Amino acid sequence: MEKTYEEINEKIRKGKAVVLTAEQVSEMARTMSPKEILNKVDVVTTATFGAMCSSGAILNFGHATPPIRMERIELNGVPVSGGLAAVDTFVGATDCNPQKPEYGGAHIIQDLIDGKSVVLEAWGKGTDCYPRTHIKTNISLETMNEAILSNPRNAYQNYNVAVNSSDRIRYTYMGTLLPNYKNASYSSAGELSPLLNDPECRTIGLGTRIFLAGAQGYVTYNGTQFNTSKPLNKYGVPMGGSRTIAVAGEMREMNSRFLRGAYFEKYGVTMYVGIGVPIPILDEDMAARVSIRNEQIETYIEDYGNDFKLIGTTNYAALRSGEIELNGHKIHTAPLSSLARAREIADILKGWIEKGEFLLTEPTRPMPVSRSIKSLEENL
Amino acid sequence: MVKRIVLNFPAESTQKPVIYDIVKKFDVVTNILKANVKGDQGGRMVVELEADADKIKEAIRYIKGCGIEVSSLGSKIIWNRDLCTDCGTCTSSCLSGALTIQAPDWKLKFNPDKCVACKLCLKACPLKLFSMDVFG
């Protein structure tokens, strides 16, 4: 028995769809076959709440009188893009003022979502059509035309574990790594993680409706650094960071419980983003995919104290136990992403679908099937 | 029992060998976890005491009698739980095991009795939700 998107949506409209979280279905799979799961379950909700540096917001401020072509723009003193027409900008999550590195683009985005005012200051050279050369005023989500969260690379499919073999502390985007293998940090939500439940992106594509920071958002494209070339383990899980998604959504509908500006010591600003993706159980293959368990999801251990060398492999059941063993070292493990909040997102999305407030979307274009990533060659 | 305390030395109380005294007089096992005391200025010290509850009580009364202010270490730590997202990043740096996150609920737990005031969590928390006023 196979199901179509339309059949599943019809059940959702009637309030009859059976929806489980990815953790619930993984537990169920200990005693049920994929065929039985296909018969019983219509949708599985997946989620993650982690640091996603490649995020940002498209804002349109509206025109002042007289108008200005904003060529240099600051928001709360943080320089943001002046390269988008006269009154548009892109606030990158990692934008910051080097004099004050702990507050950046991600914090501006959070402040706006929290309903706060932000100081906009902009300069232009003055043109015949945009005569003004300077403006300084308060803006907020209420005063702007558009405010669209637009993230180029989120929800990495799997990610490496970071350790540090050197004799000094390393401050990284994987957190503070203590010397001599004193700790190991990992970031994926494991069996709850969206792209690990649909490893080949059979159901996640352009146009897929998702939970994005409290709002209903969309997958807009394959994310940057989309990579299908990583080796698969025997359960079909890509080892290390692989596929990614680009996402967008309306900031006015978001909630900072699911989006936070953050600062990693001596690294810089980043943004925690909450994403939930519904996976339709179309056939036995999808039922088997969503049944994946933490012990089956493996990833590489990288040494951030020694040129990011791959020095071992582990799995998420071991990582969640609080300690992994590597070359005779017992290493204390810690997460970077919030499993508690990811579970909350998976439950909210489950509730939306059960109540018929959220219908599934068939991708308007699938993700690329064969894609590797390039390094930057220096050729001058 | 084991108790961690903060000793706040005024300059005039730095000449008394209080740690030696509490070992000799009350048979308290002491472990100095952190100290920043200057003879002419005073300063603070974090000490772990291990003995029967009564002996610890007497030792603390003696220290106070020497003009040294004593406070419990836990009272110096502020964790903004309301804004915490339970990401767990801080637990990576907390080698004393005061900050933990684990199954089944994966919510951050903080046990002030285990904290040694190393302050690594202040830097490790990406949301800057810890503040600690042990050494100012």
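# Chain A overall, helix α2 and Ser93 of chain B

Chain A has seven helices and 22 strands (DSSP runs: helices H or I, at least four residues; strands E, at least two; numbered from the N terminus). The model is predicted: local features need pLDDT of at least 70, side-chain atom pairs pLDDT 80 or more, while totals for chains, interfaces and linings use all residues. Residues are numbered from 1 along each chain as written, chains are lettered from A and ligands numbered from 1 in written order, and side-chain values use heavy atoms, without hydrogens and water.

Biologist: What share of the 380 residues in chain A is buried?

Modeller: Buried means under 20% relative accessible area, exposed over 50%, partly exposed in between (1.4 Å probe, protein chains only). In chain A, the buried share is 57%.

Biologist: Why do the buried residues of α2(B) lie on the same side?

Modeller: Helix α2 of chain B spans residues 53-65. B:Ile56, B:Ala59, B:Ile60 and B:Ile63 are buried there. They share one side of α2(B) because their arc around the axis, taken from the directions from the axis to the C-beta atoms, is only 100°.

Biologist: Which elements of chain B do the buried residues of α2(B) pack against?

Modeller: Contact means heavy atoms within 4.5 Å. The face turned away from the buried side carries exposed B:Asp54, B:Lys57, B:Arg61 and B:Gly65. The buried residues pack against β1 (2-9), α1 (18-26), β3 (42-50) and β4 (69-72).

Biologist: Which residues does B:Ser93 touch?

Modeller: B:Ser93 sits in the loop between β5 (77-79) and β6 (99-100) of chain B. Its relative accessibility is 2%, so B:Ser93 counts as buried. Leaving out residues up to four places away in sequence, B:Ser93 touches A:Thr176, A:Leu178, A:Asn183, B:Leu120 and B:Ala124.

Methods. The expected span of a helix is 1.5 Å times one less than its number of residues.
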